[in-house]
Amino acid sequence: MPVPHHSSYSTIIIGLNSALFKRLPQTDHRISPCILHAISQTASIWSNFVKGDLTEDDYYSHVAAKFKLDPKDVRQAFDQIRTSLRTDDDIYALLRELRLASQGKVQVLALVSTSTADYEALHSKPVDWSVFDQVFACSEEEKMPSLSFYRRILATTNLDPGNVIFIDDNFDSIFTARSLGMHSVVLKDATCVERALRNLLGNPIKRGQDFLRRNARHLDCITRHTDGYGTMIVHENWTQLLILEATNDRTLVDFVEHSGKWNFFKEGPQLTTDHYPDDLDTTSVGLTVLKYDKEIVDPILDEMLKYVNSDGILLTYFDHDRQRLDAGICVDILALFYAYGRGDEAAPTLYWIRDILQYKAYLEGTRYFNTPECFLWLVSRLLSYSDDAVLHATLKPLLKERVQEHIGVTGDALALAMRILVCDAVGICNETDLSQLLPLQCVDGGWEVGWIYHFPTAGVSIGNRGLTTALAIKAIEAVRGNAV
């Protein structure tokens, strides 16, 4: 089902003869594409033809004389071009769907800049002209992309250019429309246009939620291998818990619940050793997200305190032979300790995290987490689980400084969403990164996979569209609320 119109855009303007009609490449006339392009740029001859000062035969004769061609070859080339024109059915269908779905809130206008003969050729094609609310043709003095032509359309229709989406495949037309304040979309192919229009006209939150519901219980992680090995699904609990935390919807996720220690994997180890011990990270996330009674959690916290390194910093696994240390995982463990009022017992870990923020040790990610945004987001998540004054005084000012340094930096959808959420946690409204995030929404309503963590020894990164989409929704809500 199409998403109802839910934006400030009220009008789509599209170049008819350049954007909606395509020429078939197979022609047998004698004029090269290079010469044809040069002919199309002969403004003075074209202007006299459009004005009616030249007949069609006169136009061909003038062109032939200028480019040292046979007028018969010129006519043959133009006849074949007109015959070869084909409508882009995918774009027509999209325009029709969006116009109907808007229930009258979006109009579609077409622009034509061509000769009478070419215009008649277009009208001879099997096109549903009812898709267009109006068709505008250049006047005798105008030619796309003249400012006067676009200004006339805006004045005639009383349109605010800020409410217009302009679509064309010609750079000059796009540039001119942008110079007047229109939001312009370069027509590369139908898929590109569909993605842009659905993102501009649809409700990103509703579309994202629909994606999550359609893929409920199948929001699995996938792999990206450095050696080019094919993608595989990773069945794990950690990301599923974070999707649940972001959406508060248990029907979306699929994990194996534990009341005590948790294992990262749902169905046995993948991409690692055959024996994979329970870990403090997944246990911490599970116990914070699902909120067990303190009597259940306290013995687990007691056991966790047995797994520290020589500096007193909490380790990753319930296994003394598997000495792994990761700053992001430490943050997750701290969230559990502070959520259950025992943060002071993990002081060495807290102060190590403070130093990591202070000296920006996270800028290339951590042992297991891919990006600085992952680490910063986990720190903001830690702060959300406790109002402990010492915790906030130790980390929040540093977190605010560090995330400000990242605003506007290019990133994938997951990194952008995490950065926006960190900004929100420290009192910054981050419209800059939201403007990067919104266009990344896919046609199906979800966001592309964001790479969360990796297995360094296996050379594998792990990503999840479900988590990326869930956090993108939260990021939009954080900046603009539910009524986007």
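**Group meeting: a cavity, a hairpin, two lysines and the cysteines**

A search of the whole structure turns up 1 cavity of 30 Å³ or more. Before I go on, please note that this is a predicted model.

That cavity has a volume of about 150 Å³. Its lining is made up of 14 residues, and those closest to the centre are Phe-264, Tyr-276, Asp-281, Ile-329 and Tyr-368. Which elements give two or more residues to the lining? They are α13 and β10. Of these, β10 gives the most, with 3 residues. By character, the lining divides into 9 nonpolar, 3 polar and 2 charged residues.

Let me stay with β10. This strand covers residues 450–455, and 6 of its 6 residues are buried. What does β10 pair with? Its partner is strand β11, residues 460–464, in the antiparallel sense and over 5 bridges. Within that pair, His-454 stands opposite Ser-461 of β11. The two strands form a hairpin with 4 residues between them, and there Gly-459 has a positive phi near 65 degrees. As a general point, side chains in a regular strand alternate between the two faces of the sheet.

A positive phi also turns up at two lysines. Lys-68 is not a glycine, yet its phi is positive, at about 55 degrees. You will find Lys-68 in the loop that runs between α4 (56–67) and α5 (71–84). Is Lys-68 buried or exposed? Its relative accessibility is 76%, so Lys-68 counts as exposed.

The other lysine is Lys-291, again a residue other than glycine, with a positive phi near 55 degrees. Lys-291 sits in the loop between α13 (280–290) and α14 (294–304). This α13 is one of the elements I named for the cavity lining. With a relative accessible area of 59%, Lys-291 is exposed.

Last, the cysteines. How many disulfides does the structure hold? The count is 0. For background, a disulfide is a covalent bond between the sulfur atoms of two cysteines. Why does Cys-423 not form one? The closest cysteine sulfur belongs to Cys-429, and because it is 9.0 Å from the sulfur of Cys-423, it is too far for a bond. The cut-off for a disulfide is a pair of sulfur atoms within 2.5 Å. As for surroundings, Cys-423 is buried, with a relative accessible area of 0%. Cys-374 is buried too, and its relative accessible area is 1%.

That is the end of my part.

Definitions and conventions. Residues numbered from 1 in each chain as written. Predicted model: local features only at pLDDT ≥ 70, side-chain atom pairs only at ≥ 80, totals over all residues. Heavy atoms only, no water. Buried < 20%, exposed > 50% of the residue type's maximum accessible area, 1.4 Å probe, protein only. Pairing = 2+ DSSP bridges. 1 Å grid on protein atoms, 1.4 Å probe; cavity = no way out; pocket = protein on both sides within 12 Å on 5 of 7 lines; lining within 4 Å. Points joined across faces, edges and corners; volume = space filled by probe spheres on them. Nonpolar A, V, L, I, M, F, W, Y, C, P; charged D, E, K, R; others polar.
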